[in-house]
Structure formats: C-alpha cells, structure tokens
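Me: I'm new to reading protein models. Could you walk me through one, feature by feature?

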Amino acid sequence: MSVVRVARVERGSVAAALGIAPGTEFLSVNGRRVTDFLDWEFLTADDELVIEARQPDGEAVVYEVERGEGEPMGVELEPPTVRQCANRCEFCFIEGLPPGLRRPLYLRDDDYRLSFAYGNFATLSNVRDRDVRRILEYRLSPLYVSVHATPPAVRRVLLNNPKVPDIVEQLEELAKGGIQFHCQMVIVPGINDGPVLEQSLTDLWRLGDAVPTVAIVPVGLTQFSHLYTGRSMDRDAAQALLGVTGRWAARAQAERETAWVFGSDELYLLAGEPLPDAHHYGDYAQIENGVGSVTMLRERVARGRSTLPRHDGRRIGVVTGTAMAPLMPELLDAIRSSTGATFELIPMVNSLFGPTTTTAGLLVGADIAGALTGRVDLDLALIPAESINERGEFLDDARFTDVRSSLPMPVLPSYDFIDVLR
Ligand code: SF4
C-alpha cells in the first residue's frame with residue numbers, strides 16, 4: 001500500500017502550528033482513507049478537518065483542524081509512487097534511451113494522476129473501475145491521453161499489449177462525467193495513418209467538447225530504439241499527415257471556431273512546410289508536446305526585442321539542435337538589428353542519442369562542452385534551457401555548473417534569448 005508522507009512543512013503554516021513534521025504519514029481525512037496525493041489534495045479542500053496520522057516515531061495522532069477559508073495546510077508530500085506502464089510500444093522513447101543513464105530516466109510511467117497533475121500523457125490502459133470513479137469524483141480534467149488510434153485492434157498493436165481496453169468506450173464514460181481530454185496520436189507510417197487516422201479523428205470528433213485538442217506527432221526514434229520494426233517518418237509521409245490535419249482543421253474552424261487538430265512542430269519541419277502563426281494555436285494547449293513552440297518563440301522574440309538593451313560589439317554563440325538550426329537565422333537577425341550584437345549559430349548533432357534526435361532540449365553536457373571548448377572569441381554563449389533539469393543536470397549527468405566553469409566564456413541557459421539579453 002502506498003504511503004502518503006510529509007516531505008516538508010512550510011514555516012508559519014497551519015501544519016507547522018499543529019506540529020506536523022517531515023516524515024508524518026497521513027492515514028485518513030474526515031474518515032476517508034488517504035491513499036495518495038490526490039486524496040490528500042481533494043479531501044483537505046474542507047476548512048474543518050479531522051486528520052488521522054502517524055508521527056515519524058510511529059505514534060498515532062489525530063489532528064483537528066479549523067482554518068480560514070482557502071488557507072493552505074502548508075505541507076509538501078513526498079513524491080508519489082508512480083504507476084508504471086504495462087505497454088511496450090515499439091516507438092517508446094524510454095526504450096530508445098542509451099544505456100547507462102540515471103535510473104529514474106528509465107521509468108515508464110502511465111499514470112492518469114500525473115496526467116492530471118503535470119500534463120504527462122497516459123494511455124488509460126491500466127485504469128481500473130476504482131480509478132474511473134476517482135477521476136469522476138475528483139473531476140480530474142483535463143487529462144492528457146495517448147490515443148494513437150481508436151480501432152482497438154490497431155491500438156493493441158501500437159501499444160504492443162493485447163489487453164488494452166477500447167479507448168473510445170473509456171473516453172465516452174468519462175466524458176459523460178464532464179472530463180475533457182487533450183489527445184495525441186503518435187503516427188507510425190503504414191499503421192495508424194491513412195484510413196486508421198481518418199477513423200480515429202472521426203471517433204474523437206464525435207466526442208465533441210470532451211476533446212478540445214488532438215496533436216498529430218510523427219514517430220520519433222533514436223539510434224537505440226531497439227524494439228522498432230516499422231518505417232520511419234519521411235518527408236512524403238509528413239506532408240500527407242499535414243494534408244489530413246489541414247482538412248480536419250479547416251472543418252473544425254468552420255464548425256467549432258478552433259483548429260482542433262494540430263500537427264506538432266516536428267511534423268512541419270519534416271514536411272518542409274511553414275509553421276502556422278499564433279492565431280492557429282489558440283491557447284497553445286499542447287505546447288509541452290512540441291505543438292506551437294516555434295511559433296511561440298517567434299512571438300516572444302517579435303514582442304520582446306524592442307525591450308532589449310544594446311549589446312554592440314558583443315559576439316554571442318547560440319548552441320541549438322539540428323531541427324531548429326534552419327529557423328534560427330531569421331530570429332537572430334531580428335535580435336541583432338535591435339541589439340547590435342553579432343550572433344554565431346552553433347548547431348550540434350546529438351552525441352548521446354545519435355543524429356536522428358534533433359531536438360535542442362535533448363542536447364547533453366558533452367555536446368555543449370564540445371561546441372564551446374576553446375571558443376575564446378565568444379563573449380557569451382546561450383544554450384537551450386530545456387536541456388537542463390531542475391537539479392541543474394543534463395541528460396548525460398553532466399552538471400551545468402561544471403560544464404560552465406570548464407568554458408572560456410559566460411554561458412547562460414535561455415528559453416527565448418529575450419529572457420537573458422534583457
Ligand atoms: S505507453 Fe508506450 S510510449 Fe508510453 S511509456 Fe508505455 S511503452 Fe512507452
């Protein structure tokens with residue numbers, strides 16, 4: 001049974017006043033068992049609480065809480081035990097990781113709770129009746145769902161799992177309770193494009209408001225994707241997918257005033273077609289899924305460049321992945337004309353994942369060091385901020401501070417240039 005344990009208590013908070021300490025385990029709230037962070041979050045929404053707990057020394061304790069409306073408890077829980085994935089998709093990114101990385105990177109999560117809390121995509125293939133009741137009771141909406149294909153037989157092939165339930169039936173049941181789904185379809189050429197894609201979009205369209213967005217994402221492989229037996233995505237296949245996407249988006253604009261189905265940025269880059277403008281993406285609901293990131297970057301640069309100070313004469317290196325490299329000159333030219341700085345674009349092939357992994361955010365510490373070692377001619381270097389996690393580590397375990405101190409120029413992680421040049 002999973003334990004809900006306190007990691008941190010905020011000073012001066014309700015929890016601190018009660019004497020709740022790190023290590024305290026919560027057992028029930030107002031008579032209902034607490035099994036995970038969701039129970040804690042939702043059961044403590046009341047202002048009057050009776051909390052059964054076990055203190056770090058094992059002693060049982062009951063806290064009676066009366067607090068002001070909306071006053072937070074002030075506890076941070078230990079990270080939840082993640083529900084692991086029971087599928088074995090051939091295109092799984094985790095299966096395409098090189099060996100030897102830190103262990104948490106190999107964790108394949110498929111957890112509707114993280115889908116709600118953090119926007120992680122889940123397949124719902126391991127959701128049980130109790131989970132459905134919780135999703136409905138706690139109104140866990142929107143969820144981010146990896147649909148891939150709605151015909152059950154095709155979906156079972158894609159997820160490599162013969163026990164996968166019918167996703168349309170699952171979504172229909174949850175939609176009746178008011179749950180919405182941002183869906184994604186990772187497309188494997190020859191399996192879930194063509195008629196399967198048409199059928200899938202038709203099924204999702206029928207769900208109406210319950211499905212506000214669908215992302216079409218080309219299958220992405222690394223040189224370590226050892227399970228994959230399918231075709232890789234090429235320019236023709238990407239253009240065909242954009243054709244389908246465009247047709248459905250035009251219908252959705254006419255009938256629902258939203259594009260509804262969106263090609264990922266990578267799909268446009270593979271197809272060699274221009275990316276849509278900001279209007280197309282609405283509220284960028286799937287930006288974390290690589291849908292609209294380039295357009296948002298262009299918008300930020302266009303809006304922010306007039307606010308930048310002059311950097312006349314500074315020579316600035318910009319490290320990026322090979323996918324973004326062709327789009328960068330236009331952005332850097334605009335910033336150059338506002339700041340007077342000189343930019344040198346430094347595209348890097350990913351040394352860890354191989355040349356098919358072109359995303360800037362997956363560059364590793366060795367790539368950054370390789371790009372910038374000995375470059376005494378640069379006054380500053382900008383690197384993709386997405387390549388560093390919250391603990392300051394790259395995917396190859398190199399620490400940003402170590403990489404930075406080994407280089408001859410100041411190095412700044414940047415999301416959009418404006419954030420660091422301002
Ligand atoms: S659902 Fe498929 S892609 Fe996602 S973690 Fe599981 S095996 Fe990997």
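Me: Let's start with Glu 198: what does its relative accessibility tell me?
Reply: Keep in mind that this is a predicted model. For accessibility, under 20% is called buried, over 50% is called exposed, and whatever falls in between is partly exposed. Glu 198 comes out at 23%, so it counts as partly exposed.

Me: Okay, and which side chain does Glu 198 meet in a salt bridge?
Reply: To spot a salt bridge, look for a side-chain nitrogen of Lys or Arg within 4 Å of a carboxyl oxygen of Asp or Glu. Here Glu 198 pairs with Arg 247, with N and O 2.5 Å apart. Glu 198 sits in helix α7 (residues 194-206) and Arg 247 in helix α8, so you're looking at a link between distant parts of the chain, 49 residues apart. Arg 247 has a relative accessibility of 47%, so it's partly exposed too.

Me: Which residue forms a salt bridge with Arg 300?
Reply: That's Asp 416, and the closest N and O atoms of the two are 3.7 Å apart. Arg 300 belongs to helix α11 (residues 293-304), while Asp 416 is in the loop between β14 (411-414) and α15 (418-421), so this pair ties together parts 116 residues apart in sequence.

Me: Are Arg 300 and Asp 416 buried or exposed?
Reply: Check each one separately. Arg 300 has a relative accessible area of 35%, which means it's partly exposed. Asp 416 has 9%, so it goes down as buried.

Me: How many salt bridges are there by this rule?
Reply: The count is 28. Some residues join up in a network: Arg 102, Glu 390, Arg 391, Glu 393, Asp 397 and Arg 399 are linked by salt bridges. One pair in there to look at is Arg 391 and Glu 390, whose side chains meet at 3.4 Å, N to O. Arg 391 is partly exposed at 47%, whereas Glu 390 is exposed at 69%.

Me: What about charges that form a surface patch? Which residues make the negative one with Glu 66?
Reply: For a patch, you want residues with over 30% relative accessible area and no salt bridge, with like charges joined within 9 Å. Asp 46, Glu 48, Glu 64 and Glu 66 form a negative patch. Take Glu 66 as your example: you'll find it in strand β5 (residues 60-66), and its relative accessible area is 69%, so it's exposed.

Me: And which residues form a positive patch?
Reply: Look at Arg 33, Arg 128, Arg 130 and Arg 133. Arg 130 is located in helix α4. With a relative accessible area of 39%, Arg 130 is partly exposed, which means it clears the 30% cut-off for a patch.

Me: Now the backbone. Why would anyone bother to look at phi, or at cis and trans?
Reply: Most residues other than glycine have a negative phi, and most peptide bonds are trans, so you look for the exceptions. One is the peptide bond from Ser 141 to Pro 142: it's cis, with omega near 0°. Pro 142 is in the loop between α4 (129-137) and β7 (143-146).

Me: Where can I find a positive phi in a residue other than glycine?
Reply: Try Trp 260, with phi near 65°, and Glu 257, with phi of about 55°. Glu 257 lies in the loop between α8 (235-256) and β10 (261-263), and Trp 260 is in the loop between α8 and β10 as well. Their accessibility labels are opposite: Glu 257 is exposed at 71%, but Trp 260 is buried at 1%.

Me: How do I read strand pairing? In which sense do β1 and β2 pair?
Reply: You need at least two bridges before two strands count as a pair. Strand β1 (residues 4-9) and strand β2 (residues 25-29) run antiparallel, with 2 bridges, and Arg 5 faces Glu 25 in β2. β1 also pairs in the antiparallel sense with strand β6 (residues 75-77), over 3 bridges. There, Val 6 has Leu 77 of β6 as its bridge partner.

Me: Last one: how far apart are Gly 74 and Ala 15?
Reply: Compare sequence with space. Gly 74 and Ala 15 are 59 residues apart in sequence, yet their C-alpha atoms are 5.8 Å apart. Gly 74 is in the loop between β5 and β6, and with a relative accessible area of 12% it's buried.

Conventions
Residues numbered from 1 in each chain as written. Predicted model: local features only at pLDDT ≥ 70, side-chain atom pairs only at ≥ 80, totals over all residues. Heavy atoms only, no water. Patch = residues over 30% accessible without salt bridge, like charges linked within 9 Å, V, L, I, M, F, W, Y side chains within 5 Å. Areas by Shrake-Rupley, 256 points an atom, 1.4 Å probe, with all protein chains shown as cover. Lys, Arg positive; Asp, Glu negative; His and termini not counted. Charge placed at Lys NZ, Arg CZ, Asp CG, Glu CD. Helix = DSSP H or I, 4+ residues; strand = E, 2+ residues; numbered from the N terminus. Buried < 20%, exposed > 50% of the residue type's maximum accessible area, 1.4 Å probe, protein only.
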